[in-house]
Amino acid sequence: MAEEFNTDGMLDMYLFENEQLLEQLQERVLEQKDADCFDEDSINEIFRTMHTIKGSSGIMMFDNITAVSHKLEDIFYYLRESHPENVPHLELVEHVLEVNDFISGELEKIRNGNPVDGDASEIIERLGKFLKMIKKGVKKEGGELPPKNVHEPAKQFYIAPVATSASRFYKIYLTFYPETEMANIHAYKAVYALKEIAEDLLYSPEDILSDEESAEVILREGFRVLLQAQCTEEQIREVIGVGYDIKQVDVFECKAEEFLQGFDFGSQDAQIDLQSSVEAIEAKAQENEAKGKEEAPKAPAKAPMAPGDFVIKSKEPGKHKTLAKDKAKAEKASFISVNVSKMDQLMDLIGELVISESVVLQNPDLKVPGLNLNSFNKAASQMSKISTDLQNVIMSMRMVPLTNTFQKMNRIVFDVSRKLGKDIEFEMIGEQTEVDKNIIEHISDPLMHLVRNAVDHGIETNEERMETGKPNKGKVTLSARTEAGKVWISVEDNGKGLDREKILAKARKQGLLDDSKPDTAYSDKEVYQFITLPGFSTNEQITEYSGRGVGMDVVIQNIQAIGGVLDIDSSAGIGTVMSLKIPLTLAIIDGIVMETGNSSFVMETGVIKEFVRVQENMMIHEPNGEEYIMIRGECYPVLRLGKWYGLKEYQESIEDGMMLILEVEDKKICLFVDRLIGEQEIVVKPIPSYVKKVKGLSGCTQLGDGSIALILDPGGLLD
């Protein structure tokens, strides 16, 4: 039977479930990496995780994943049964993470359609040596080893029923959540797990692999299993337990005769008598059994009843209480899984809806004098409200917490610190902060560089920290918070900080400084920004994990691509803080539409602090062509947008245009434009790849009249 089923429909579910399990496994292991040993709950959880991955990989015939997960399962089976002492904890953590990495790599191959050909023999050998080592300690102390954790690949499902005096018989009923997808595959996984302890195993519906419609039957009527095995009910529940797919597991022990009756689990009129004594119930049962032998059944039951569907008889005749399981059939699904590509498509459609809304509301035909637009304006207002609500809903659906990203950084700190021999504590703050999924994809690499550099170049060695009187353990803190439509992500270390003089010397050597400008004229933030330039590094020795600067240009490129900025603050001997300021989402923003010459531009509302009408006598003109303006005693540099981009027919007179005060971080500038059009929701579109990248532009959008407006990047204008 195993050769008959097609695994194509199971592959997506296999990948999804095992990737989730591996993420949870890594998170749990890293949480307890600094402890003396794994607690009992963690040991049980890791054992169950490996058991599940082993079972599902065996179904999918990925032998290398099955083998390595079974070997790690052996170790945690031994830990669970024997509770040995003096187990090398950090070494065990590394073994678990090594297995996690191997399986993750194989799953990535599967997802990309490549052969699953990873060689797990060395990992299995190391795991075997580790298990042998911790077993030796128990033998020396005279302890008794638990029975071997044996895994035998099934050649067939139905094992010949050879009952012994130790055999026990069970009727099992599984109830799945109504929203469970491919319930037949989940049922098959339960069968596959049970067959390791089974002497005889039957299930209904029986065509769960060949008939996809059996999934609906299972959701509607449940999945029934007959099991003959030498085990207890608790052992069955360890093999198949309640989870995110299985809502309820009912296990009933029965006699051999009842087992042989098959899936006739009883009639719908079965009742549990709560009023009579035990002796009366037993006497009544014997009487019914004797009567049953004398009277042949008139007809088989039309609808076999599942365990758990019993009716509890109350004191008041005619009133029955049904179990909560019966009511659950009417409940609606709370969660469903949706492909990310469908979410992106929905986001694109909502973006087009916003553009269409602008086209309708800004239609030139509406500007005809004398039109009564009261009814139209009411309808337009309602449509705008619905459109805004739609945006908010889809935005919330795309928002995901930073937890997984932060956990990856936890792993990097652990790996790098172990290789460098540094004792480092990792702290996460605000990991539940939610960010648009596309944003997370852009910040993973920058965060990796920042965290790795903090561990390698920021934190001193243990000896150096002792010499300077610092605590032996270094600390890296990764934090996130939201503020005014932006998310701040900071990487902070308590290391030696950045060396201002060393950075200046390197910058002067590379010709980055103005010879006419003294070193003291550069602020600390200006100096620290040099390390973000390509190829700039103060590390004299090239290592696997090089100093701040190598890879920092990648950080800047990725952050600027999503409209973010990097802020660096450092104190010598105290530490360094690197903060990313990025938008919460990239899809739809609130913007101000403006015109200069014959061109339209859009600026994000959040960076505009003020609109000002100015007079010529407020302007300051430098001999080198630079312009400044005094507003309420404060001097701002002026950037004329028309001149910046070399546009034609732009407004020359400062008094006939509009001045926008922009503020990004601590930098301020006045942007001069011809006129303001108004505020509008802007659907961000990327600039086509065939258009050369222009400084100060981050994208484009379509306005209500069908024209294209360029989205200004304030960071690019301020540089």
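User: In this predicted model, what is the strand order of the open sheet of six strands?

Analyst: The model is predicted. Pairing in this open sheet of six strands is mixed. Its order is E17-E21-E22-E20-E19-E18.

User: Which strands stand at the edges of that sheet, and why is one side of each left without a neighbour?

Analyst: Look for strands with a single partner strand. Each edge strand has just that one partner, so one of its sides has no neighbour in the sheet. The edge strands are E17 (608-612) and E18 (619-621).

User: Which residue is the bridge partner of Val 664 in E22?

Analyst: Strands E21 (residues 658-664) and E22 (residues 667-673) pair in the antiparallel sense, over seven bridges. Within E22, Val 664 has as its bridge partner Lys 667.

User: In the open sheet of five strands, which are the edge strands?

Analyst: The order here is E9-E11-E12-E14-E13, with mixed pairing. An edge strand pairs on one side only. That points to E9 (424-429) and E13 (565-571).

User: At about what angle does helix H15 run to E12?

Analyst: Helix H15 covers residues 437-458. It lies across E9, E11, E12, E13 and E14. Its angle to E12 is about 20°.

User: Is Met 397 buried, partly exposed or exposed?

Analyst: Met 397 sits in helix H13 (residues 374-398). With Leu 346 and Val 393, Met 397 forms a nonpolar patch on the surface. The relative accessible area of Met 397 is 43%. Buried means under 20% and exposed means over 50%, so a value in between makes a residue partly exposed. Met 397 is therefore partly exposed.

How values were computed
Residues are numbered from 1 along each chain as its sequence is written. This is a predicted model: local features need pLDDT of at least 70, side-chain atom pairs count only at pLDDT 80 or more; totals for chains, interfaces and linings use all residues. Side-chain values use heavy atoms; hydrogens and water are left out. Patches are made of residues with over 30% relative accessible area and no salt bridge: like charges are joined within 9 Å, nonpolar side chains (Val, Leu, Ile, Met, Phe, Trp, Tyr) within 5 Å. Accessible areas come from the Shrake-Rupley method with a 1.4 Å probe; for residues, only the protein chains shown count as cover. A salt bridge is a side-chain nitrogen of Lys or Arg within 4 Å of a carboxyl oxygen of Asp or Glu. Helices (H or I, at least four residues) and strands (E, at least two) are DSSP runs, numbered from the N terminus. Buried means under 20% relative accessible area, exposed over 50%, partly exposed in between (1.4 Å probe, protein chains only). Two strands pair if DSSP finds at least two bridges between them. Contact means heavy atoms within 4.5 Å. Axes are lines fitted to C-alpha atoms, for helices over the stretch in contact, and angles run from 0 to 180 degrees between N-to-C directions.
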